[in-house]
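Dear colleague,

I am handing over the structure we spoke about, and below it you will find my notes on what turned up in it. Please read them with the coordinates open beside you.

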Number of protein chains: 2
Amino acid sequence: MTENMNKNTRQTRQKRVILVELRKVTSHPTADEVYQMARKKIPNISLGTVYRNLEQLSEQGKIRKLELAGSQMRFDGRAYSHHHVSCVRCSRVDDVISVRGNPGSIDVEAGGYQVLGHRIEFYGVCPSCQKKESADERSPRMHL
Amino acid sequence: MTENMNKNTRQTRQKRVILVELRKVTSHPTADEVYQMARKKIPNISLGTVYRNLEQLSEQGKIRKLELAGSQMRFDGRAYSHHHVSCVRCSRVDDVISVRGNPGSIDVEAGGYQVLGHRIEFYGVCPSCQKKESADERSPRMHL
DNA sequence: CTGGATGCAAAGGTTTTGCACGCTA
DNA sequence: TAGCGTGCAAAACCTTTGCATCCAG
């Protein structure tokens, strides 16, 4: 009925390597970074293939595609749902360890919308940028 | 000290029109939509100018730049902070009327990050897409 | 074998930028 | 008048696609 019959599940070296490499890291690499990682194993793999496989793997729920505000796509080898923090300086993305408060209970009134859910992103300054910062004159440039 | 001396505050017809037109609408237009709106007043205004001014206005806090997950930039003529809902079908963006629960109190533990804040986006199906939907076989395709 | 997957390269969509000229302050 | 802002066009970026070929099942 739905278009969920997913014929595209053929196992290839490319797909395998992409998944394995992505799961090795705890960072949340961009497609291009995944491409660089995969190239170390398959030198002539193409960027297009990386995109196609990342898309497919995320459709199958094996990885997670992160579309964070104002940045390119990033991919997460851990498929379970969790929140992320991104650094406003260097854009790196990390997992949030725990959240106090109850974001799960947020309910919303939104002019006739059938609200399906929400997405929360945290932002701040990562440890390494905090260090660099003490000694220089940079200032936040966030506009929520 | 900081680079916040903002010399770029010269008043021009382009900037004025962009702000006025953006404030006229309650939608959350993309840069290109703002461009189309502005062109009705200044036929030969350029897209580049629109981008530059939108950026500037948002830096000055006169408008708000929305960088929603997985979509192009949108702009909001209302500068105060409020949440948004976007339609998973047609991508339109509306204001959230009210939020129950207490997202403001969310606190987070995030490996050494200095957490500055968070961003919440709601998503769902807008009224007009709900109508279209009753009679057809489309299904959600959200991967959070 | 068959048709999904690949590599390559071109195209697409969005945003930024370089440059010479124009206009605000 | 000085130099920020503009229009135009090219470039930069990121992602998707067309196509001939390859290879997993």
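Of the atoms of DNA strand C that lie within 4 Å of the protein, 72% belong to sugar or phosphate, and the rest belong to bases. Please keep in mind throughout that this is a predicted model.

There are 21 residues around DNA strand C, and those that come nearest are Arg10(A), Thr49(A), Tyr51(B), Gln72(B) and Met73(B). By class, the residues of this surface divide into four nonpolar, twelve polar and five charged.

Some individual side chains of chain A can be followed to particular parts of the strand. A polar side-chain atom of Thr49(A) lies 2.7 Å from a phosphate oxygen of DNA strand C, and one of Gln14(A) lies 3.0 Å from a sugar or linking oxygen, whereas for Arg52(A) the partner is a base nitrogen, at 3.0 Å. The elements that give two or more residues to the surface near DNA strand C are α1 (13-24) and α3 (47-59) of chain A, together with α3 (47-59) of chain B.

That last helix also packs within its own chain. Helix α2 of chain B, residues 31-39, meets α3(B) at an angle of about 115 degrees, with the two axes 9 Å apart, so that α2(B) is roughly perpendicular to α3(B). The crossing of these two helices is right-handed. On the α2(B) side the contact is made by Ala31(B), Asp32(B), Val34(B) and Tyr35(B), and on the α3(B) side by Leu47(B), Val50(B), Tyr51(B) and Leu54(B); seven of the contact residues are nonpolar, none is polar and one is charged.

With best wishes

Terms used. Residues are numbered from 1 along each chain as its sequence is written. Chains are lettered from A and ligands numbered from 1 in the order in which they are written. This is a predicted model: local features need pLDDT of at least 70, side-chain atom pairs count only at pLDDT 80 or more; totals for chains, interfaces and linings use all residues. Side-chain values use heavy atoms; hydrogens and water are left out. A residue is near a molecule or strand if one of its heavy atoms lies within 4 Å of it. A polar contact is a pair of N or O atoms within 3.5 Å; within protein, one must be able to donate a hydrogen and the other to accept it, and residues adjacent in sequence count only if both atoms are side-chain atoms. Helices (H or I, at least four residues) and strands (E, at least two) are DSSP runs, numbered from the N terminus. Ala, Val, Leu, Ile, Met, Phe, Trp, Tyr, Cys and Pro count as nonpolar, Asp, Glu, Lys and Arg as charged, and the others, Gly among them, as polar. Axes are lines fitted to C-alpha atoms, for helices over the stretch in contact, and angles run from 0 to 180 degrees between N-to-C directions. Angles under 35 degrees count as roughly parallel, over 145 as roughly antiparallel, 65 to 115 as roughly perpendicular and the rest as oblique. A crossing is left-handed if the near helix is turned anticlockwise from the far one by less than a right angle, and right-handed if clockwise. Contact means heavy atoms within 4.5 Å.
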